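The following exercises invite the reader to work through a structure step by step. Each task is followed by its solution.

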Amino acid sequence: MSTSLIKDLQQQMQAINAQGLLRRRRTTASACDVHVDVDGRPMLSFNSNDYLGLASDARVVEALREGASLYGAGSGASHLISGHSKAHVQLEDKLAALFAPHLEQPRALHFSTGYMANLALLGALASPAPQETEIFSDALNHASLIDGARLSRAQVTVYPHADLETLGQALKNSKAKIKLVVTDGVFSMDGDIAPLPELLALCEQHGAWMVVDDAHGFGVLGENGLGVLAHFGLRSPQLIYMGTLGKAAGVAGAFVAAHQTVIEWLVQRARTYIYTTASPPALAHALLTSIDLLTGEEGRVRRANLADLRLQLTGLSVKPGWQQLDSVTPIQPLVIGSNEDVLNLADALWAQGLWVSAIRAPTVPAGTARLRITLSASHSLADVAQLKAALAQAT
Ligand SMILES: Cc1ncc(COP(=O)(O)O)c(C=O)c1O
């Protein structure tokens, strides 16, 4: 029996490999930064989501050290048993206060990962009446939202990417008692920003809640780095916000900010909050420093640097058939098309000392394989010039 399972898996993987879809991991042996030691080679990376370069910032690293000496290495139990620490509380209070301009009676809840936060959110919101709940989900939403919607047992309606007309019609036709419109704030593989003001207007018109996953907007958008809500200046009692803390914030984890009743409901019912060991308090302690940096003058300077880098990267002259997507965020995709071509291009860049990942199906739709170039405030204009020259040579 077990040998037949092994054989099946091997055959599946051969088939995946033949389609150019086998995934491989590379190993870093240095801090997360733009200059990294990867598989034993010094590389210039355009690969991480550490958009502000805070992951290796000395102040954040020192705060992590301090957190470890205050709280030890691990939390020891789930939040509802004994794992809930003062550092978690301080972090949640800080985040709730920051979101006060955007949400009504805000409270925040810290999660170990964004994936878990999304599963928690959609499952718990639908749990009072899954049969009477409908989730309206953008076709390009992140896998964690897709999985959260599936697991919630609510009815799921996928609308074409950012298609307000189709969504409006679906909301109008819906008989559901609870309606949740769910969208990435910044789409992770395309870099575009969801039309949130228009989506929110539709939600308000049809009595729906709007759930925004701002994994790639938090820290990056808005004057103070608070993400898409700040970028558009939105405030509504119908908003539920999810931000992650392992990308621009440079550490790990995630949070949901919403009306205090929604948050209390998550504490009572969200399975990925309740049935898991709380993340180490030292991480929450380090996040207190990184959030201060991200929302303060340091963050503003780093976002301005990111904007300069992005301008330098726009207007790549590339092979006919390739397409540089129009994006005002640090996610700068170059759509190549076939798996083979994108892998060849990534290999050619690697040979020139540049690390940029080839993203293929099912992460993106088949036939739209791409280089997902990501910028960090730690890049220099010379780094971007090096990437442009390498791309020109590989083209
Ligand atoms: C849009 C989006 N949502 C959620 C997540 C999950 O966040 P985390 O990595 O903290 O689990 C990611 C990426 O990982 C993401 O890109």
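**Exercise 1. Locate P362 and describe the peptide bond that leads to it.**

Solution. P362 is placed in the loop that lies between β13 (358-359) and β14 (369-374); strands are DSSP runs (E, at least two residues) and helices likewise (H or I, at least four), numbered from the N terminus. The peptide bond from A361 to P362 is cis, and its omega is near 5°.

A note on the model is in order here. The model is predicted, so that local features need pLDDT of at least 70 and side-chain atom pairs count only at pLDDT 80 or more, while totals for chains, interfaces and linings use all residues. Residues are numbered from 1 along each chain as its sequence is written, and side-chain values use heavy atoms, with hydrogens and water left out.

**Exercise 2. Determine where D39 and A162 lie, and state the phi and the exposure of each.**

Solution. Begin with D39, which lies in the loop between β1 and β2. Its phi is near 45°, a positive value in a residue other than glycine. D39 counts as partly exposed because its relative accessibility is 36%; buried means under 20% relative accessible area, exposed over 50%, and partly exposed in between (1.4 Å probe, protein chains only).

Next, A162 is found in the loop between β5 and α7 (164-173). The phi of A162 is near 55°, again positive in a residue other than glycine. With a relative accessible area of 29%, A162 is partly exposed.

**Exercise 3. Describe how β1 and β2 pair, and name a further partner of β2.**

Solution. Strand β1 (residues 35-38) pairs with strand β2 (residues 41-45) in the antiparallel sense over four bridges; two strands pair if DSSP finds at least two bridges between them. H35 has L44 in β2 as its bridge partner. The two strands form a hairpin with two residues between them. A further partner of β2 is strand β12 (residues 354-355), joined in the parallel sense over two bridges. There, L44 stands opposite L354.

**Exercise 4. Give the strand order of the seven-stranded sheet and explain what sets its edges apart.**

Solution. The sheet is open, with the order β3-β9-β8-β7-β6-β4-β5 and mixed pairing. At the edges stand β3 (106-111) and β5 (155-159), each with a single partner strand, so one side of each is left without a neighbour in the sheet.

Within the sheet, consider β8 (residues 239-244), where six of six residues are buried. L239, Y241 and G243 point one way, and I240, M242 and T244 the other way. In a regular strand the side chains alternate between the two faces of the sheet. Four bridges join β8 to strand β7 (residues 209-213), in parallel, and M210 has L239 as its bridge partner. Four bridges also join β8 to strand β9 (residues 254-259), antiparallel, with G243 partnered by F255.

**Exercise 5. Identify the nearest residues around the ligand and the polar contacts of its oxygen atoms.**

Solution. Of the 13 residues around the ligand (a heavy atom within 4 Å), G114, Y115, D213, H216 and K247 come nearest. An oxygen atom of the ligand is 2.7 Å from a polar backbone atom of G114, and an oxygen atom is 2.9 Å from one of Y115. At H216, an N or O atom in the side chain is 2.6 Å from a ligand oxygen atom. Helix α5 (residues 114-126) supplies the largest share of the shell, three residues.

How values were computed
Polar contact = N/O pair within 3.5 Å; in protein donor to acceptor, adjacent residues only side chain to side chain.
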